[in-house]
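Thanks, everyone, for making the time this morning. I would like to walk through one structure with you, going slowly from single residues to how the helices pack, and then out to the surface.

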Amino acid sequence: MEENKKIILFDGVCNLCNGAIQFIIKRDKKDNFRYAPLQSAIGRKFLQERNIDTSEIDSIILIEPGVAYYTKATAALKIGQNFGGVWTLVQIFEWIPESISNFVYDIIAKNRYKWFGKKEACMIPTPELKAKFLE
């Protein structure tokens with residue numbers, strides 16, 4: 001695995017999550033991130049190494065190897081801050097208590113299949129994007 005890359009684990013069958021990954025890839029001008037579906041072998045390995053229970057956290061996780069991992073709203077905010085420019089302003093949302101931001105996040109995560117749909121299998125990256133996905 002490449003050094004100094006942050007890892008985003010995501011629900012590979014969720015249409016909202018896949019859309020979010022496409023959104024992140026387009027804005028990741030510094031190539032900070034690598035991606036893996038939670039359902040993949042490497043995704044499960046990362047979860048197991050960190051004792052993350054997917055019955056509690058099943059949508060997005062940001063891992064900064066050797067530093068920490070972040071879940072739910074905190075993960076989303078940390079990802080946005082990495083885009084630079086105007087996106088650094090998302091850090092003002094860190095002033096919102098985590099219990100409130102995670103409450104909103106959990107409502108969206110709980111309803112994501114109903115509202116946005118679900119794929120039969122994980123997203124297959126295009127050849128151009130394949131290097132950004134961990135296997």
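Let me begin with Lys72, which counts as buried because its relative accessibility is 16%, and buried here means under 20%. I should say straight away that this is a predicted model, so please hear every value that follows as computed from that prediction. Lys72 is found in helix H3, and its backbone deserves a second look, since phi is positive, at about 50 degrees, although the residue is not a glycine.

Lys72 also brings us to the helix packing. In general, two packed helices are described by the angle between their axes and the distance between the axes. Here helix H3, residues 72–81, packs with H4 at an angle of about 95 degrees, the axes being 7 Å apart, and that angle makes H3 roughly perpendicular to H4. Which residues make the contact? On the side of H3 they are Lys72, Ala73 and Thr74, and on the side of H4 they are Glu98, Ser101, Asn102, Tyr105 and Asp106.

A positive phi in a residue other than glycine turns up at Asn51 as well, where the value is near 55 degrees. Asn51 sits in the loop between helix H2, residues 41–49, and strand E3, residues 60–64. Is Asn51 buried or exposed? With a relative accessible area of 70%, Asn51 is exposed, whereas Lys72, as we saw, is buried.

Two further loop residues are worth pointing out. Asn82, in the loop between H3 and H4, is buried, with a relative accessible area of 16%, and, if we leave aside its neighbours within four places in sequence, Asn82 is in contact with Lys6, Asn32 and Phe33. Ser40, in the loop between strand E2, residues 33–37, and H2, is likewise buried, at 18% relative accessible area. The C-alpha atom of Ser40 is separated by 7.6 Å from that of Glu135, although the two residues are 95 apart along the chain.

Finally, let us turn to the surface, where a nonpolar patch of about 1,100 Å² is made by Ile92, Phe93, Trp95, Ile96, Ile100, Phe103, Val104, Ile107, Ile108, Trp115 and Phe116. I would single out Trp115, which belongs to helix H4, residues 98–116, and which is partly exposed, with a relative accessible area of 47%. H4 therefore appears twice in this account, as the helix that holds Trp115 and as the partner that is roughly perpendicular to H3.

Methods. Residues numbered from 1 in each chain as written. Predicted model: local features only at pLDDT ≥ 70, side-chain atom pairs only at ≥ 80, totals over all residues. Heavy atoms only, no water. Patch = residues over 30% accessible without salt bridge, like charges linked within 9 Å, V, L, I, M, F, W, Y side chains within 5 Å. Areas by Shrake-Rupley, 256 points an atom, 1.4 Å probe, with all protein chains shown as cover. Salt bridge = Lys/Arg side-chain N within 4 Å of Asp/Glu carboxyl O. Helix = DSSP H or I, 4+ residues; strand = E, 2+ residues; numbered from the N terminus. Buried < 20%, exposed > 50% of the residue type's maximum accessible area, 1.4 Å probe, protein only. Axes fitted to C-alpha atoms, helices over the stretch in contact; angles between N-to-C directions. Parallel < 35°, antiparallel > 145°, perpendicular 65-115°, else oblique. Contact = heavy atoms within 4.5 Å.
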